[in-house]
Amino acid sequence: MKIKIGLLALALSITLVGCSDATIENNDSTNKLSIEENKDTYKDNKEQEINKEGIENSDKNDNSINTEKEESIENLEEINKENINIENSKEVIDFKLYTFDSEDNDKRIVLKDIHNIDKGDTLKNKINALLSSLKKDYFKDDKANIQLESINDGIATINLVDENSWRKHFQGSTGGYINQKTIVETLLQRDYDGEWIKGVNVLIDGKKQEVFDHASFEEIFYR
C-alpha cells in the first residue's frame, strides 16, 4: 500500500513538473513573441519617424527652393525695371544721311534720317554709326569697306579700303563728285549743334593719295 501511494505521489510530482515546464515554455514563447512584436512596433515607429522627418525636410527644401526662385524672379524684375529706366532716361538724337541733287550738285538733300543715336555715346561710336549707314544705305556695296582710323585734334581720319572696290563709285564727273560730297557732308553733320568733329581726312588704302579722276581727297574737309 505504501508503495502504491509513493508511486502515485511520484507520478503526480512528475506531472506538476511537466506542467510547470510547459507553462514556463509557454511564457517564454509569449515573452519572445511580445519582444519580437515590440521590436517590430519600435522599428515601424522609427521608420514612420524617419519618413516623417524626410517629408518635413523635403517640404522645407521645396519651400526653400520656391523662396529662392521667387527671390530670383523678383531680382530679375528689379534688374529689368532698372534697365528699362536706363533706356528711357537715355537722350537720343537723329543724324542725317546726306547726298546731293544730280541736277544741282551743290544742293544738299536728306536721303535718310539715322534714328536713335545715343547722345551720351562716344564720338567714335557716333562716327561709326554714320559710316555704317553710308555703306549699307547709300553705297550698298559689301566690298566697299569704309573704316574710322582715328580722331585726333577734332579731325576724323577715315580709310576707303581696297581702291579697286571703290573705283566704280567715283567714275564720271557727276557721280564721283556727288559720292565724294556724300561721304564728307554726312560725316561733318553741319546742322548738329552738339559736340562734334572739326573736319574729315580721307585715306585710300591707308595712304593719302589721289587715285580717282573725279573725286579728290587730297585736302582735309573742315566743317
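Q: How many residues does α4 have, and what span does α4 reach from its first C-alpha to its last?
A: Start by setting the end-to-end reach beside the expected one. In this predicted model, α4 has 16 residues and reaches 23 Å from its first C-alpha to its last, close to the 22 Å expected at 1.5 Å a residue.

Q: Is α4 largely enclosed or not, and how many of its residues are buried?
A: Here the cut-off is under 20% relative accessible area. Twelve of the 16 residues of α4 are buried, so the rest of the structure largely encloses this helix. Among them are G176, I178, N179 and Q180, then K181, T182, I183 and V184 further along. For background, buried residues make up 26% of the 223 residues in the protein.

Q: What about α2: which residues does this helix span, and which are buried?
A: Same recipe. Helix α2 runs over residues 123–139, has 17 residues, and reaches 23 Å between its first and last C-alpha, close to the 24 Å expected at 1.5 Å a residue. Its buried residues are K126, I127, L130, L131, S133, L134 and F139. The cover over those residues includes the strands β1 (92–100), β2 (108–118), β3 (145–152) and β4 (155–161), along with the helices α3 (163–167) and α4 (173–188).

Q: How do the axes of α2 and α4 cross?
A: Two packed helices are described by the angle between their axes and the distance between the axes. For this pair, the axes come within 10 Å and cross at roughly 150°. An angle over 145 degrees counts as roughly antiparallel, and α2 and α4 are therefore roughly antiparallel to each other. The crossing of α2 past α4 is right-handed.

Q: Which residues in α2 and α4 meet?
A: Read the contact one side at a time. From α2 come I127, L130, L131, L134, Y138 and F139; from α4 come I178, N179, T182, I183, T186 and L187. By character, the residues of this contact divide into nine nonpolar, three polar and no charged.

Q: Is I127 buried or exposed, and what does I127 touch?
A: Try zooming in on one residue. I127 sits in helix α2 and counts as buried, at 0% relative accessibility. Leaving out residues up to four places away in sequence, I127 touches L148, I151, L187, W196 and I197. It's also worth setting sequence separation beside distance in space: I127 and L188 are 61 residues apart in sequence and 9.4 Å apart C-alpha to C-alpha. Across the protein, 58% of the contacts between residues at least 6 apart in sequence join residues at least 24 apart.

Q: What phi does K140 take just after α2?
A: Most residues other than glycine have a negative phi. K140, just after α2, takes a positive phi of about 50°. K140 lies in the loop between α2 and β3 and is exposed, with a relative accessible area of 65%.

Q: Where does D162 lie, and what is its phi?
A: Check the backbone, then the surroundings. D162 lies in the loop between β4 and α3, and its phi is positive, about 75°, although D162 is not a glycine. At 34% relative accessibility, D162 counts as partly exposed. Just after α4, Q189 takes a positive phi of about 45°.

Q: What pattern does the protein follow along the sequence?
A: Count the elements, then read them in order. There are four helices and six strands, and along the sequence the pattern is α-β-β-α-β-β-α-α-β-β.

Key. Residues are numbered from 1 along each chain as its sequence is written. This is a predicted model: local features need pLDDT of at least 70, side-chain atom pairs count only at pLDDT 80 or more; totals for chains, interfaces and linings use all residues. Side-chain values use heavy atoms; hydrogens and water are left out. Helices (H or I, at least four residues) and strands (E, at least two) are DSSP runs, numbered from the N terminus. The expected span of a helix is 1.5 Å times one less than its number of residues. Buried means under 20% relative accessible area, exposed over 50%, partly exposed in between (1.4 Å probe, protein chains only). Contact means heavy atoms within 4.5 Å. Axes are lines fitted to C-alpha atoms, for helices over the stretch in contact, and angles run from 0 to 180 degrees between N-to-C directions. Angles under 35 degrees count as roughly parallel, over 145 as roughly antiparallel, 65 to 115 as roughly perpendicular and the rest as oblique. A crossing is left-handed if the near helix is turned anticlockwise from the far one by less than a right angle, and right-handed if clockwise. Ala, Val, Leu, Ile, Met, Phe, Trp, Tyr, Cys and Pro count as nonpolar, Asp, Glu, Lys and Arg as charged, and the others, Gly among them, as polar.
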